[in-house]
Amino acid sequence: MHDLVIVGAGPAGMTAAIYAQRYGIQATLVDPSPGGVMVSNSCIENYPGLFKKSGHEIAAAMQEQARELGAKFIKDKVTEIHKIPEGFKLTLAGSPLIQTRTIIIATGLSKRQFTAKNSERFTGNGNGIHTSINDLKSFTDLEVAVVGGGDATAIVAVTLARVAKAVHIICRTPELTVKPRNLDKLRAEPKIHPILDQTVAECTGSDRLEAVKLSNGQTLPVQALVVETGYEPRLTFQAPGLNLKTDPEGYLQVDDGMATSEPGIFAAGDLTTGSNREHHIVNAVSEGAISSSSAKAFLRQKLSEPLRGSNTSPFF
């Protein structure tokens with residue numbers, strides 16, 4: 001029987017594990033791809049002390065720190081969570097069942113589906129539609145479209161402009177919703193061309209993407225398209241019989257201690273209603289630390305005995 005299983009190994013989950021280990025609680029993280037959505041960001045400018053580091057670099061450092069403190073990682077996917085008398089039972093896609101007294105859910109967000117006609121034909125396998133720009137060289141000298149209108153779109157467009165022939169931002173609203181700093185970067189880059197109040201109606205091409213048709217009927221020749229249409233809460237498992245309340249948009253409801261409506265289950269990071277929906281790494285790690293502290297308090301009460309280190313600061 002585990003004391004704490006953390007479902008998801010993004011910044012919130014790995015921070016929760018780091019704090020749990022410092023509290024003397026053995027943390028086990030389950031995630032098929034540790035790192036979360038931040039690994040798709042090539043340059044992070046708003047995480048204190050790590051200016052202009054990539055998401056991959058920050059994720060790798062967090063994972064190394066968690067492992068060094070003794071946290072265990074299982075590279076797998078949780079498919080079901082059931083309540084049992086001692087706590088909870090987790091079913092994994094390719095690993096044995098896990099039983100645990102407490103859970104922290106930190107599965108984060110996933111990108112909204114891109115549903116333009118024929119888009120599935122060109123998604124993946126280098127056929128033209130991408131969900132990240134990890135391989136920046138593959139966009140060299142191409143006409144590229146970026147679908148979206150927020151800060152992530154702006155960052156991707158500016159990054160692509162380093163190598164692409166031209167970058168077209170296709171935004172469904174009449175204005176981009178980006179911070180002034182990012183707007184200045186867009187305006188300073190002559191290769192970037194916003195196309196506002198339009199959506200992609202259809203993707204066309206033979207074996208690879210060759211053009212997109214816009215909602216106004218215009219055809220835009222492009223050889224690559226990057227999807228940045230925003231994110232939605234990612235709950236990747238079934239939880240029959242559990243009282244996990246969400247808001248109308250699917251975010252897990254939590255209190256100030258990151259407790260969900262199901263006793264013994266906590267949540268942290270982008271999929272919660274905490275932090276005023278500010279989806280930043282610094283918010284995720286804060287919620288991860290709080291959720292770990294709350295799990296510690298729950299375990300102390302459940303076990304009716306102090307945990308190792310439970311009466312000390314996590315910094316000593």
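Sort the lining of the second largest pocket by class and you get 9 nonpolar, 10 polar and 5 charged residues. Keep in mind that this is a predicted model. The pocket itself has a volume of about 450 Å³. Of its 24 lining residues, the ones closest to the centre are Ser33, Gly36, Val37, Leu109 and Arg234. If you want a secondary-structure element to start from, take strand β7, residues 109-111: with 3 residues, β7 gives the largest share of the lining.

Now move over to strand β15, which covers residues 224-227. Its side chains split two ways: Ala224 and Val226 point to one side, while Leu225 and Val227 point to the other. Whichever way they point, all four are buried, meaning under 20% relative accessible area.

β15 also has strand partners. One of them is β8, residues 129-130, which runs parallel to β15 and is joined to it by 2 bridges. Here Ile129 has Leu225 as its bridge partner. Another is β9, residues 143-147, again paired with β15 in the parallel sense, this time over 4 bridges. On that side, look for Val144, which stands opposite Ala224.

Last stop: helix α5, running over residues 281-303. Its 23 residues reach 33 Å from the first C-alpha to the last, close to the 33 Å you'd expect at 1.5 Å a residue. Right after α5 comes Ser304, and its phi is positive, near 55 degrees.

Definitions and conventions. Residues numbered from 1 in each chain as written. Predicted model: local features only at pLDDT ≥ 70, side-chain atom pairs only at ≥ 80, totals over all residues. Heavy atoms only, no water. Expected span 1.5 Å × (residues − 1). 1 Å grid on protein atoms, 1.4 Å probe; cavity = no way out; pocket = protein on both sides within 12 Å on 5 of 7 lines; lining within 4 Å. Points joined across faces, edges and corners; volume = space filled by probe spheres on them. Nonpolar A, V, L, I, M, F, W, Y, C, P; charged D, E, K, R; others polar. Buried < 20%, exposed > 50% of the residue type's maximum accessible area, 1.4 Å probe, protein only. Pairing = 2+ DSSP bridges.
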